[in-house]
Each structure stands twice: as structure tokens, then as C-alpha cells.
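Thanks for coming, everyone. I'd like to walk you through one model today. Have a look at it first, then we'll go through it piece by piece.

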Amino acid sequence: MPNVIVVGAQWGDEGKGKVVDVLTADADLVVRYAGGANAGHTLVVAGAPLVVHLLPSGVTHAGKRCLLGPGMVIDPEALLEELDSCRKRGFSVGPEAIGVSHHAHVILPYHKELDGASDQGPNAIGTTRRGIGPCYEDKMARRGIQMWMLTRPELLGRALEGALAVTNPRLRQLGAATFDAGPLRDRLASLGSALEPYLCDTTSIIHEAMAKGARVLFEGAQGALLDIDHGTYPYVTSSSTVAGGACTGSGVGPTQIHAVIGIAKAYTTRVGNGPFPSELKGDLGEQLRKRGGEHGATTGRPRRCGWLDAVALGRAVRVSGISSLAITKLDVLQGISPIKICVGYRLDGETAEEFPTAGVDLERVEPIYEEWDGFEEDIRGVTRIENLPGTARAYLDRISELAKAPICLVSVGPSRSETILVDNPASPG
Ligand code: IMP
């Protein structure tokens, strides 16, 4: 059975949670490898929504091992709360089901303080305020706290003193609250005791399982256009959200990966600031927002909505080596006609089918659109691709042609059952 990476192919919120949830049926291990509680995956299980921020979406399936890999940044308090809320919903979330990498980095209260205090003013990114950027900054500067340190209070205290010697002056300068290493160490040590049973060498667990023929699903967070290297920098998150991040963030080589599924909505959304060439600012944008329930699962912020951008999607397909696409929320487009696809950009009189070199120019491009007939029929009950209206199929075919990737799955509603499986790359054999 193939090991599969699932990644977002837009600016996040593509519906990865639901697709991972569907594909988990064929997996043994589900691994998250980047980001932290900035992600919010909404799953609808037994008719009731469940939002997970840190735990892999596979958590709702009994008998599957879910791992949080070394590339993640983890807020221990948020993790314990999430474990608790899943437990209350009846899901099995003991250490036999969930493993957390020793090497993942810890999001500390000062990271969150710094995130909120520094992301202000006209150049603000509009972060989720979950401390993601400052935590990855500390990791790269080699003053971060890894999960294993939570179980070694003395060493933790010294590491916190070192980190705070750099961070407190920055916080002071920003007029934000500063922190004392002692009380912070004590609080973290008690969180560490609660989490200790979950801490493990997730990399070895993955390799041992793969050696026995286990099937691994790597669950991406955010989307390609928010990637630190390949996204719309600086309006990005601070991790590698592309498929390559699954290798570095979980300790698995590229030769172990058999398929990469890219998730894209049938239109585009973005939350936070930054360029969005195909954004719809008028009534139609509002209509998409309402019908698609486009509010951030983490922050509740309204998402900006627009037409599908095939230039951006094609780029995402290339940088992640996406072998097939899952198109989500097709049902939201019901009754909208024509449906537009952005197929190129016009900039200073020139046309281009690629992103401009300078990120700032993406703010100025004028999208070039193709128009496609919409569909009137309610498609939420459709389970086979050939039963979709012809115009919907033509729209999907065009997306596939422009993005240069086949479509393996189409989602036509929030529940697991509202899914058209065209060709499941995660299924055995
Ligand atoms: P950060 O990841 O909190 O630092 O936020 C950086 C940017 O990424 C902001 O524009 C956020 O809105 C965006 N972002 C982070 N996580 C997600 C996500 O899961 N979905 C959509 N946007 C996200």
C-alpha cells in the first residue's frame, strides 16, 4: 500500500481534514508533520462537528495510530485540552493511540505574547496569534524548547532563562508582558508530567511500522501558498507546508512516498492579509462566504473568497509534486453561473501564466478569466462522478487540465458520505 501525503494546494482551509478523515479508512498511521494550533480541521462525525487543531484528523477512527511529528510546534496546554475534548466525544486518545515527538518544539506563552504584540500595523500578516512564527524563530535560532525538555525541569529552567534573556527585552520594547523563568518552568513541568506518556520517538515508530507493511498517511496543515519558501512571502506561515515538509517534518525520505494528494476548493479562500488576485469583494464573495461557511476554524475570522486561481493551483501542484487532486466544496457553487477560473495574470501590459518574481507585484496583477457554465442541480447526494451535471464535470475537467493533475476525489458536502471517490490513491494494491 502506498504511503500518501495530503497537502493543501491553496491558502489553507481546503477541507484537508475531511479528506484525511475519509482516506484514514485505508491507513494504519496518520502523521501530522508541520505547524501547530494555527490549523483547524473541522470534521463532521455522527452529524456533529469536531474541530481539531493539533491532533491528526485520523483521531476519530478507532485502531489507527496518530502521531505528531518533530516538525510540529505544540502548545502543551492546547494539546491537553484537545485530548480531553476528544475523550469526551468518546474517541480513544490514550498513549496507545496518540504519540507526540520528543523533538517537536514547544509553543510557550511568550511566543503567543510576541506574536500578538509584533503582528501589528500596516504590514501585519494577520497571524492566528498562536505563537507559530516566534516559536519557529526560536527553533531556527537554536534557543527553542523541545518536548522532551518538559520532563527535565532543571534543564528546562536553564533553557528558559537563556531564551527569556533574548525575548523579554523584545517584549518590553513592544510594551507587552514579560515572563519569569521560575514560575514558567514549574507550570511547564506539570504539563510535561501530564504529557510524558505520549512523548516518543515518532520517527522510529513510523519506520518500524513501514517495515511491517503499515500504510502511512501524512497530513499537511495550511496550504502551499502559505509555505515559508514557496508561498506569497511574507504573507505566509513559518513552516514548510508543501509535500517536502512531510519528509523533513516526520523523518521519512522522499523515496518512501508513493502519492501526494493536493486538496483544493472549487473556488479559493484566504484568511489573513496578503495578495489574492482572484478575490471577489462584492456580493458574490459574500455569497460564497455564507454558503461555504467560510469562517476560520481557529480564529473565527471571515475568510476572503474568490474564483479558483489555476495559476496558483498549478504552482502548488508542481512544488508539491501533487499526483492527484481532491476538489472540495463543489456543492457551494450550485446556482452560480457563469463560474470563472483565473488562467493568467496581466501586469504592466504583459500577460503571464506564472507568479511574478517580486511578491509585491502579485498585489497589482489583474486576473485573466475563463468563464464556464454553472449548474442548478443539488449535487450533495451524488456519489459517482458520472452522475454530476455535465457542466460541473466540464468545470472539473478544466481544473484538472490547467493544474496538470488528475482528480481523485470530489467532495460535495461536509459529511464523510458526501464524497465522490474517483480513484483512491490511498487504497491498498
Ligand atoms: P500563523 O501561521 O499564525 O503565523 O499565520 C500566518 C498566516 O497564515 C496568516 O495569514 C494566517 O491567517 C495564515 N494561516 C495559518 N494557519 C492557517 C490555516 O490553517 N488556514 C488558513 N490560513 C492559515
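Val410 has its bridge partner in strand 20: Ile420. Keep in mind that this is a predicted model. Val410 and Ile420 are bridge partners where strand 19, residues 407-411, meets strand 20. Three bridges link strand 19 and strand 20, and the sense is antiparallel.

Now the whole sheet. How many strands does this open sheet have, and in what order? It has 10 strands, and the order reads 9-7-5-2-10-1-11-15-19-20. The pairing is mixed. As a reminder, strands of a sheet pair through backbone hydrogen bonds, either parallel or antiparallel. Strand 20, residues 419-421, is an edge strand. So is strand 9, residues 199-200. Each of the two pairs on one side only.

Next, a hairpin. Strand 3 and strand 4 form it, with two residues between them. Ala46 sits in the turn and has a positive phi of about 50 degrees. Strand 3 covers residues 41-45, and strand 4 covers residues 48-52. They run antiparallel, joined by five bridges. One partnership to find on screen: Val44 bridges to Pro49 in strand 4.

Which side chains of strand 3 are buried? His41, Leu43 and Val45 are buried, and they point to one face. Thr42 and Val44 point to the other face and are not buried. In a regular strand the side chains alternate between the two faces of the sheet.

On to helices. Helix 3 is residues 109-118, and helix 5 is residues 153-173. Their axes are 11 Å apart, at an angle of about 20 degrees. That is under 35 degrees, so helix 3 and helix 5 count as roughly parallel. Their crossing is left-handed. From helix 3, Tyr110, Glu113 and Leu114 make the contact. Helix 5 answers with Leu160, Ala163, Leu164, Thr167, Arg170 and Leu171.

Last, the cores. The largest nonpolar core has 66 residues. Which ones have the most contacts inside it? Ile5, Phe218, Leu325, Leu330, Leu333 and Tyr395. Helix 11, residues 390-403, gives the most to this core: five residues. A second, separate core has 57 residues, among them Val30, Ala97, Leu108 and Met149.

Back to Phe218 for a moment. Leaving out residues up to four places away in sequence, its contacts include Asn3, Val4, Ile5 and Val6. Phe218 also touches Val31, Tyr33, Ala246, Ser250, Val252 and Ile257.

That's my tour. Over to you.

Key: Residues are numbered from 1 along each chain as its sequence is written. This is a predicted model: local features need pLDDT of at least 70, side-chain atom pairs count only at pLDDT 80 or more; totals for chains, interfaces and linings use all residues. Side-chain values use heavy atoms; hydrogens and water are left out. A nonpolar core is a set of buried Ala, Val, Leu, Ile, Met, Phe, Trp, Tyr and Cys residues joined through side-chain atoms within 4.5 Å. Buried means under 20% relative accessible area, exposed over 50%, partly exposed in between (1.4 Å probe, protein chains only). Helices (H or I, at least four residues) and strands (E, at least two) are DSSP runs, numbered from the N terminus. Contact means heavy atoms within 4.5 Å. Two strands pair if DSSP finds at least two bridges between them. Axes are lines fitted to C-alpha atoms, for helices over the stretch in contact, and angles run from 0 to 180 degrees between N-to-C directions. Angles under 35 degrees count as roughly parallel, over 145 as roughly antiparallel, 65 to 115 as roughly perpendicular and the rest as oblique. A crossing is left-handed if the near helix is turned anticlockwise from the far one by less than a right angle, and right-handed if clockwise.
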